[in-house]
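Visitor: I've just pulled up this structure and would like a quick tour. Can we take it question by question?

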Amino acid sequence: MDNYSFQDVLGTSATISTVLQFLTGSVICHRYIRKKSTGETSGFPFVSGFLSCFLWLKYGMLTQEHVVIFVNIIGSVLFFSYVLVYFTFSINKRIVIRQFLGACVFIMLCTIYTTYESNKEKAVNVSGLVCCCVGVLFFASPFTKLAHVIHTKNTESLPFPIIIASFIVSLQWFIYGLLIGDKFIQVPNLLGCLLSAIQLMLYVIYPSRSTYSVGPAYQQLRTEEVLA
């Protein structure tokens, strides 16, 4: 009974944490709006977040899991809005368009498969596997700036709120997967924990000089330097 109660509490906590994780993108977008520029950050974490949420939404609809549907409807709407904000203030809009169109095409292909697959159990399993792979892609998306971080020895271009939230949420879902013995939950979230932990280690090796430091000082974005 105690074990079941802990599972129930952990599952609820993981659900709430997931929604809060989605909301961390608003912190990044607020900075874009305030600075009128995306600076050197990448929009790929937002695109991959939208892709991941939408695919998990489709998976929830296949399995009739109302909690999964509810959480990922929120996630899909939020990440779509984040992509729009990034696109608005991005200098290189072509990259954003290509990434988002690629995500939409992938979603369409997955939808066609699950719609016309006669074996519904197989469709659910394949859909779940795809969701896990894309989920890991979402966790690893900040790695697109890894070479830049190492070259400049500065982690400003990494979305710290998203990374720390990903680590906490992944850890919760991984423990929950262990408790219920579901490897389908364990594997992607274990990888998510490891990938997020590696990115957090970069903040120890190359601490940001501006964005998350205490005090009024911050590093100017390129647009600010021009206006100055």
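Guide: Sure, and one term before we start: pLDDT is the predictor's confidence in each residue, from 0 to 100. You'll want it, as this is a predicted model.

Visitor: Over which residues does pLDDT stay under 50?

Guide: Overall, the protein averages a pLDDT of 79, and 83% of the residues score at least 70. The stretch you're after still has 27 contacts beyond four places in sequence in the model. Its pLDDT stays under 50 over residues 211-228.

Visitor: Among the elements, which has the highest mean pLDDT?

Guide: Let's start from the other end of the scale: helix α9, residues 222-227, has the lowest mean pLDDT, at 40. The top mean is 92, and that belongs to α4.

Visitor: What span is expected for α4 at 1.5 Å a residue?

Guide: Helix α4 covers residues 93-116, which makes 24 residues. The expected span is 1.5 Å times one less than the number of residues. From first C-alpha to last, α4 reaches 35 Å, close to the expected 34 Å.

Visitor: Is Leu 109 buried or exposed?

Guide: Leu 109 lies in helix α4, and it joins Val 105, Met 108, Ile 112 and Tyr 116 in a nonpolar surface patch with about 550 Å² of accessible area together. The buried residues of α4 are others: Val 96, Phe 100, Ala 103, Ile 107, Cys 110 and Thr 114. The cut-off for exposed is over 50% relative accessible area. Leu 109 has 51%, so it counts as exposed.

Visitor: How far apart are the end C-alpha atoms of helix α3?

Guide: Helix α3 runs over residues 66-89, and its 24 residues should span 34 Å at 1.5 Å a residue. Its buried residues include Gly 75, Phe 79, Tyr 82 and Phe 89. The distance between the end C-alpha atoms agrees with the expected span: 35 Å.

Visitor: Which residues is Ser 17 in contact with, leaving aside neighbours within four places in sequence?

Guide: Ser 17 is found in helix α1, residues 2-35. Buried means under 20% relative accessible area, so Ser 17, at 17%, counts as buried. Its contacts are Val 169 and Gln 172.

Visitor: What separates the C-alpha atoms of Leu 10 and Ile 175?

Guide: Leu 10 also lies in helix α1, and at 10% relative accessibility it counts as buried. Beyond four places in sequence, Leu 10 touches Gln 172, Ile 175, Tyr 176 and Leu 179. Leu 10 and Ile 175 are 165 residues apart along the chain, yet their C-alpha atoms are separated by 8.4 Å.

Technical notes. Residues numbered from 1 in each chain as written. Predicted model: local features only at pLDDT ≥ 70, side-chain atom pairs only at ≥ 80, totals over all residues. Heavy atoms only, no water. Patch = residues over 30% accessible without salt bridge, like charges linked within 9 Å, V, L, I, M, F, W, Y side chains within 5 Å. Areas by Shrake-Rupley, 256 points an atom, 1.4 Å probe, with all protein chains shown as cover. Salt bridge = Lys/Arg side-chain N within 4 Å of Asp/Glu carboxyl O. Helix = DSSP H or I, 4+ residues; strand = E, 2+ residues; numbered from the N terminus. Buried < 20%, exposed > 50% of the residue type's maximum accessible area, 1.4 Å probe, protein only. Contact = heavy atoms within 4.5 Å.
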